[in-house]
Amino acid sequence: MPALPTVQAAIIAIPRRRAKPLTSPLSENYYRATAGQVAPRPALRGPIDAQVCIIGGGFAGLNTALGLVERGVRDVVLIEAQQLAFGASGRNGGFVFGGYSRGEGALLADLGRERARALYQRTQDAVELIRARIARHAIDCDATDAGVLWANWFRDPTLLRQRQRLLSEQFGTEWTFVPRAELRQSVRSLRYADALFERNALHFHPLKYALALAALAEQGGVRLYEATPATALARDGAGWRVRTAQGEVRAAQVVLACGGYLARLRRQVDAAVLPIATYVMVTEPLGARMDEVLRTRAAIYDTRFAFDYYRPLPDSRLLWGGRISVLDRSPAAVQRLLLGDLLKVFPQLAGVRVDYAWSGLMSYARHEMPQIGQVEPGLWLAQAFGGHGVAPTTAAGEVLAAAIAEGDPAWREYADYGLVSTLKPIGFLGAQLTYWWLQARDAWQAWREGRAGAD
Ligand SMILES: Cc1cc2nc3c(=O)[nH]c(=O)nc-3n(C[C@H](O)[C@H](O)[C@H](O)COP(=O)(O)OP(=O)(O)OC[C@H]3O[C@@H](n4cnc5c(N)ncnc54)[C@H](O)[C@@H]3O)c2cc1C
C-alpha cells in the first residue's frame, strides 16, 4: 500500500465521535432566528399612487428599489406577499460571487467574447457594489471577505485547469490553483483532490443584508408593504393598476421580481421559470471542533453538478447546503439528507447536532440565465436567477433602476435570454430527470476514478 501524504494521514488520525441522538428540536431558518428584531411593515389598505411599483421583496426587488433611490426616484412602492426577503433571498447559502447559473463557457459560446465579458463583468461590479454598500452604510451582516474555494470532487484536474484558463483568457478573471496538500491544510477532508480559489468573493448573512437594503430604500422614501400579495395587474391608461388583497397601487411603471414564488400575474412570465427547491441546514456551534473541519474562513462548494456548498459562520456553526429537487421538503427530511452528505465529506463530525434546516425555491429559466428587461412598455421583469443570484440580482437592480430613472438601454444586453416556456408540468419531470442523470454521471466518474460509493 502506498504511503499516505502526511496531511492526509493526519486527517485520518482525527478521532471519530460516536453518533449521538439529536437532543433539541429542529428549528427552521437560522437567518430569521439571528436577524434580530425586525419591525414589520404594514399591509397595504386602500388605493395609493406611485411612480414605480415593485412586486416582490427579495434581492431583485430591493436592489431595484435602492437603485431607484440612488438615482433620485423616490416615489416608489414595494409590495411583498409575505415578509421582506421571505423567499430565496432570506434563505440562501450567502455566497457572494460573480457569474451566473449559466457557466462562462456557455455564455461565451452564446454571445462571443465581448458581450459575454460585459455581462460577466456586471456581476463582478455587483460584488464590488455589495462590498461598497456594506462599508458605506456600515451594514452589520456578518460579511466574511475571505473568498470562495471550488473544490474538485474528482481526481482529474482537467476541469479546473480549463476553467481557470477560460476565466483568465476570456474574462480577465484570475482564480488560483490550490494543490491537494495545500487544500487539505485548510479543508480537512479526504473527499477532494485540488481546488480553485476565487479571491474576489465573500459570504454573508443574506437576511441581515436584505433587511438593511430595505431600511436604506425606506430612508430614501420607498414605501414598503408586507403581507400584501399582488393579485391582479392591468393596464390603466399609460400606466398600471396593481390590485392587492386589500388595496391597489396605480403606477406609471411596474417591476415584477417574484423569483420562484410565482406571482400569477402574467402567464407568460410564470411559464418562463421553473421553481426548484434546494436545502440548507446549520449545525450546533462547533467551538474548537471547527478546527478539525475547516481552517479557512472561505466558503466552499464542489465540482459536481449536484454540489455541496458550505461555510463557517461567525458563531462557529457550519452552514451546509446542497441538493436540488422539484420537491419542497420538511426540515426533518432536509436534515436527514444533508447530514448524510456532510458526513461523507467530514466523517469526523459524526454525532454533530443540527439546529436548523430549511428549504427555499430558486427560479430557473431553460437557458439558466436571468430574465431582465421590459416585458411590455412600463412593465419590467427581473427573475430566473437560479442558484446564483446574490450578485446578479444586484446587477439587475442597477440595470432596471438605470432604465427606469435614466432611460439607460443596458437591459437590452440580456435580450438573448428571454421568456422561453419551461413546459410545465413536463418541465418539472425533465428537470428532475436531468438532475438524476447528471448526479449519476458524477457518481460514475467518481467510481471510475476508484472511489466506489462516492456520489
Ligand atoms: C437555499 C438556497 C440557497 C442559495 N444559495 C445561494 C448562494 O449561496 N449564492 C447565490 O448567489 N445565490 C444563492 N441562491 C439563489 C439566490 O438566493 C436567488 O437567486 C435570489 O435570492 C433570487 O432573488 P429574487 O428577488 O429573484 O427572489 P426571492 O428572494 O425568492 O424573492 C421573491 C419574492 O417575491 C414575493 N412574491 C411572490 N409573488 C408575489 C406577489 N404576487 N405579490 C407580492 N410579492 C410576491 C415572494 O414572497 C418573495 O419574497 C440560493 C437560493 C436558495 C433557495
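Q: How many of the ten residues of strand β11 are buried?
A: In this predicted model, strand β11 covers residues 247-256 and is mostly covered. Of its ten residues, the number that are buried is seven.

Q: Which residue of β11 is the bridge partner of P47, and in what sense do β1 and β11 pair?
A: Strand β1, made of residues 46-55, pairs with β11 over nine bridges, and the sense of that pairing is parallel. Within this pairing, the residue of β11 that serves as bridge partner of P47 is E248.

Q: Which residue stands opposite E248 in the pairing of β10 with β11?
A: Strand β10, residues 239-244, pairs with β11 in the antiparallel sense over four bridges, and a hairpin of two residues joins β10 to β11. In this arrangement the residue standing opposite E248 is R243.

Q: Which residue of β18 is the bridge partner of V254?
A: β11 also pairs with strand β18, residues 379-383, in the parallel sense and over three bridges. The bridge partner of V254 in β18 is L379.

Q: What is the phi of G237, in the turn between β9 and β10?
A: Strand β9, residues 230-236, runs antiparallel to β10 and is joined to it by six bridges, with L233 having V242 as its bridge partner and D236 standing opposite G239. The two strands form a hairpin with two residues between them, and G237 in that turn has a positive phi of about 65°.

Q: Which strands stand at the edges of the open sheet of eight strands?
A: The sheet has mixed pairing and the order β5-β6-β4-β13-β14-β15-β12-β16, with a twist that averages 20° from one strand to the next. Each edge strand has a single partner, so one side of each is left without a neighbour in the sheet, and these strands are β5 (176-178) and β16 (354-364).

Q: Which residue of β15 stands opposite Y279?
A: Strand β12, residues 274-283, and strand β15, residues 318-325, run antiparallel and are joined by six bridges. The residue of β15 that stands opposite Y279 is G322.

Q: Is H367 buried or exposed?
A: H367 is found in the loop between β16 and β17 (371-376), and, not counting residues up to four places away in sequence, H367 touches R102, Y417, G418 and V420. Because buried means under 20% relative accessible area, and H367 has a relative accessible area of 11%, H367 is buried.

Q: Why do α4 and α11 count as roughly perpendicular or roughly parallel?
A: Helix α4, residues 104-136, and helix α11, residues 390-406, pack with their axes 8 Å apart and at an angle of about 90°. Since angles of 65 to 115 degrees count as roughly perpendicular, the relation of α4 to α11 is roughly perpendicular.

Q: How many nonpolar residues does the contact of α4 with α11 have?
A: On the side of α4 the contact is made by R122, T123, A126, V127, L129, I130 and R133, and on the side of α11 by V390, A391, P392, T394, A395, E398 and V399. By class, two of these residues are polar and three are charged, and the number of nonpolar residues is nine.

Q: Which helix gives the most to the largest nonpolar core?
A: In soluble globular proteins, nonpolar side chains tend to be buried together. Here the largest nonpolar core has 83 residues, and those with the most contacts inside it are F204 and Y209. Apart from this core lies another of 33 residues, among them A151, L286, V293 and L338. The element that gives the most to the largest core, with ten residues, is α4.

Q: Which residue of α11, found at its start in 390-406, is in contact with F204?
A: Leaving aside neighbours within four places in sequence, the contacts of F204 include F59, G94, V96, I130, I134 and Y209. Among the other contacts of F204 are C141, D142, A143 and R311. The contact of F204 that belongs to α11 is V390.

Conventions: Residues are numbered from 1 along each chain as its sequence is written. This is a predicted model: local features need pLDDT of at least 70, side-chain atom pairs count only at pLDDT 80 or more; totals for chains, interfaces and linings use all residues. Side-chain values use heavy atoms; hydrogens and water are left out. Axes are lines fitted to C-alpha atoms, for helices over the stretch in contact, and angles run from 0 to 180 degrees between N-to-C directions. Angles under 35 degrees count as roughly parallel, over 145 as roughly antiparallel, 65 to 115 as roughly perpendicular and the rest as oblique. Contact means heavy atoms within 4.5 Å. Ala, Val, Leu, Ile, Met, Phe, Trp, Tyr, Cys and Pro count as nonpolar, Asp, Glu, Lys and Arg as charged, and the others, Gly among them, as polar. Two strands pair if DSSP finds at least two bridges between them. A nonpolar core is a set of buried Ala, Val, Leu, Ile, Met, Phe, Trp, Tyr and Cys residues joined through side-chain atoms within 4.5 Å. Buried means under 20% relative accessible area, exposed over 50%, partly exposed in between (1.4 Å probe, protein chains only).
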